[in-house]
Amino acid sequence: MRAHRRRPLAGTTLAAVLALAGCAQDDAATAPDSPVEVPDIRGEDDLDDPHTGALDAGFHEDLPAYDGIEVTLLAEVVEVVSPRVFTVSSPDGGEVGPVLVVATEEAGDVEPQPGTPLVVAATPDVSLEARAVAEELALDVGPEQLAEWDGQPFLPAEVLAPAP
């Protein structure tokens, strides 16, 4: 015996479509926020960075994977060791441990202040060698001030800019 298939009524199909459309609108209302807009601070002659976005938990967790790869991050200053050495964390108050930023002399004349959002263009390094970095970048801090960060990933910043 052959199974009998009934075609749905037009009204039933329309109701189903409208119900699904309503679900899509509800999903959009509960979807995570759209990606954070981060300005291009390297200049138009520089290619787009492989990662541009907020310093969030996902980036923080994957930081070692970005070793040697240009990134541009929106971050918030946590602690200032010197104008060229400071820590940053998530700009939205997320639970992200601080990341050390060591700015090159060419990074700009931005003076970081705790609680201030910054845009940081850097090429992460998987392991800070305090003595070598202090000497190579002619920092105004000694290796002993960087000792707690020795061996940890850090952000050697090539460009710093106030967040828009």
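These exercises walk through a predicted model, each with a worked solution.

Residues are numbered from 1 along each chain as its sequence is written. The model is predicted: local features need pLDDT of at least 70, side-chain atom pairs count only at pLDDT 80 or more, totals for chains, interfaces and linings use all residues, and side-chain values use heavy atoms, with hydrogens and water left out.

**Exercise 1. Find which stretches have pLDDT under 50.**

Step 1. Recall the scale: pLDDT is the predictor's confidence in each residue, from 0 to 100.
Step 2. Take the overall values. The protein has a mean pLDDT of 78, and 70% of its residues reach 70 or more.
Step 3. Go to residues 1-21. Their pLDDT stays under 50. The model has one contact (heavy atoms within 4.5 Å) for them beyond four places in sequence.
Step 4. Go to residues 23-34. Here pLDDT is below 50 as well, with zero contacts beyond near neighbours in sequence.
Step 5. Take the lesson: where pLDDT is low, predicted coordinates should not be read in detail.

**Exercise 2. Place Val 101 and decide whether it is buried or exposed.**

Step 1. Locate Val 101: it lies in strand S4, residues 99-103. Strands (E, at least two residues) and helices (H or I, at least four) are DSSP runs, numbered from the N terminus.
Step 2. Check its accessibility. Val 101 is buried, because its relative accessible area is 0%. The cut-offs, with a 1.4 Å probe and protein chains only, are under 20% for buried, over 50% for exposed, and partly exposed in between.
Step 3. List contacts, leaving aside neighbours within four places in sequence. Among them are Phe 86, Val 120 and Leu 155.
Step 4. Look along the chain. Pro 156 is 55 residues away from Val 101, yet their C-alpha atoms are separated by 5.9 Å.

**Exercise 3. Work out which strands pair with S5.**

Step 1. Apply the rule: two strands pair if DSSP finds at least two bridges between them.
Step 2. Start with S2, residues 71-82. Six bridges join S2 to S5, and the two run antiparallel. In one of these pairings, Thr 72 has Ala 121 of S5 as its bridge partner.
Step 3. Turn to S6. Five bridges join S5 to S6, again antiparallel. Val 120 stands opposite Leu 160 in S6.
Step 4. Check burial. Five of the six residues of S5 (117-122) are buried, so S5 is largely enclosed by the rest of the structure.
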